[in-house]
Amino acid sequence: MTQTTKKDYTLSSVKNALRILRKFTMDQPELKITELARELDLGKSTVSRLMSTLASEGFVEKDPETQRYRLGLSILSLATVCTSTFEIHKEAMPVLHELVEKTGETSHLAILDGLDVIYLHKVESKHHVRAFTHIGKRNPAYATSSGKVLLAFNNEKRIEKTIENGLEPFTQHTITDQNILMETLTYIREQGYAVSTEEISEGVVSIAAPVKDYTGQVIAAVNIVGPIQRVNDQTIPAHIKRVVEAGKEISRRLGYRFNHY
């Protein structure tokens, strides 16, 4: 095996190991080698070898009874380092807690990752009926308020890729027409917030606003999510003001000044 081939082989192995780790989610916390091989279109022997390496370093661990793998403590230690050093984490959490107190609804801080919105942080509502979300959960950006905010303030190429990837309907209210989506994103840019009514899940409404860094770039979105019985025509106007102010407050904490907001 030549030096170039060895290098390519090593890079391919690293990439596949990372692909394996990304397959573990809150919805799929445990996986078998056969499942990983099928979903990633890799050979079982390749997956088995990579899992053994990951297990030896503590990134995954195997349940001897079920033969299923789950993420190990090494992942947790890295996640702790990551969140503790994120300035946005430290600055956003007090604001999210205050937003939940004022609205009574669950609040998230979200970012765009590829064509999906992913929730970095969550503060739970005290109501019995809550949003079924979790930190790390991914949703298609076009079908959520946070995602639409992040798309609206993103570049055209990202929006084009979203449309090219297909606007799959999740409910009868999901935006599946590209012209309507473009009009909606324009409105969001002008108004500075987004409302998503039963677009990703029946009976669920969310409101989101942008979060800017010190340069004025939109780097995240803050939202509230709740059932349509509580987040409706009567309460949405007041909730919009609170969510927008929360976005501005986090942005201020990150160093942005709203002279020309």
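**Entry 1. The aromatic pair**

I began with tyrosine 142, which counts as buried because its relative accessibility is 5%, under the 20% cut-off. The model I am reading is a predicted one. I then asked how many aromatic pairs a search of the whole structure finds. The search returned one. I noted that tyrosine 142 and phenylalanine 170 form this pair, with 6.4 Å centre to centre and 35 degrees between the planes, and that the pair is tilted. I located tyrosine 142 in the loop between β5 (138-140) and α6 (145-152). Phenylalanine 170 I found in the loop between α7 (156-165) and α8 (178-191), so that the pair links distant parts of the chain, 28 residues apart. I recorded phenylalanine 170 as partly exposed because its relative accessibility is 36%.

**Entry 2. The chain as a whole**

I next looked up the overall composition. The chain has nine helices and eight strands. Of its 261 residues, 43% are buried. I also took the contacts between residues at least 6 apart in sequence, and 57% of these join residues at least 24 apart. The chain exposes about 14,700 Å², of which carbon and sulfur atoms supply 52%.

**Entry 3. Strand β8 and its partners**

I turned to strand β8, residues 218-227, and asked how many of its 10 residues are buried. I found nine buried, and the strand is thus mostly covered. I then looked up its pairing. Strand β7 (residues 204-212) runs antiparallel to β8, and nine bridges join the two. Strand β3 (residues 106-113) also pairs with β8 in the antiparallel sense, over five bridges.

Which residue of β8 is the bridge partner of alanine 208? I read off asparagine 223. On the β3 side, histidine 108 stands opposite asparagine 223. I therefore entered asparagine 223 under both pairings, because it is the partner of alanine 208 and stands opposite histidine 108, with the strands paired if at least two bridges are found between them.

I followed β7 into β8 and noted a hairpin with five residues between the strands. In the turn, glycine 216 has a positive phi of about 95 degrees.

**Entry 4. Threonine 106**

I stayed with strand β3, where threonine 106 lies. Is threonine 106 buried or exposed? I recorded it as buried, because its relative accessibility is 0%. I then listed the contacts of its side chain. One is a polar contact with the side chain of glutamate 124, at 2.9 Å. The side chain of threonine 106 also reaches the backbone nitrogen of serine 125, at 3.1 Å.

**Entry 5. Helix α2 and its salt bridges**

I examined helix α2, residues 33-40, and found Ile33, Glu35, Leu36, Ala37 and Leu40 buried. Just after α2, I noted that aspartate 41 takes a positive phi of about 55 degrees.

A search of the whole structure gave me 17 salt bridges. One of them joins lysine 23 to glutamate 39, the closest N and O atoms being 3.5 Å apart. Lysine 23 is in the loop between α1 (3-22) and α2, and glutamate 39 is in helix α2, 16 residues apart. I recorded lysine 23 as partly exposed because its relative accessibility is 26%. Glutamate 39 is partly exposed as well, with a relative accessible area of 32%.

Which side chain meets that of glutamate 35 in a salt bridge? I found that of arginine 68, at 3.0 Å from N to O. Arginine 68 lies in the loop between β1 (60-62) and β2 (69-71), and glutamate 35 in helix α2, so the pair ties together parts that are 33 residues apart in sequence. I recorded glutamate 35 as buried because its relative accessibility is 17%, while arginine 68 is partly exposed at 24%.

**Entry 6. Helix α9**

I closed with a salt bridge between arginine 253 and glutamate 249, whose closest N and O atoms are 3.1 Å apart. Both residues lie in helix α9 (residues 236-253), four residues apart, which is about one turn of the helix. I recalled that an α-helix has 3.6 residues a turn, so residues three or four places apart point the same way. Arginine 253 counts as partly exposed at 33% relative accessibility, and glutamate 249 counts as partly exposed at 27%. I then noted that salt bridges sharing partners join Glu91, Glu245, Glu249, Arg252 and Arg253 into one network.

Note on methods. Residues are numbered from 1 along each chain as its sequence is written. This is a predicted model: local features need pLDDT of at least 70, side-chain atom pairs count only at pLDDT 80 or more; totals for chains, interfaces and linings use all residues. Side-chain values use heavy atoms; hydrogens and water are left out. Buried means under 20% relative accessible area, exposed over 50%, partly exposed in between (1.4 Å probe, protein chains only). A polar contact is a pair of N or O atoms within 3.5 Å; within protein, one must be able to donate a hydrogen and the other to accept it, and residues adjacent in sequence count only if both atoms are side-chain atoms. A salt bridge is a side-chain nitrogen of Lys or Arg within 4 Å of a carboxyl oxygen of Asp or Glu. Rings of Phe, Tyr and Trp (its six-membered ring) pair if their centres lie within 6.5 Å; planes under 30 degrees apart count as stacked, over 60 as edge-to-face and the rest as tilted. Contact means heavy atoms within 4.5 Å. Accessible areas come from the Shrake-Rupley method with a 1.4 Å probe; for residues, only the protein chains shown count as cover.
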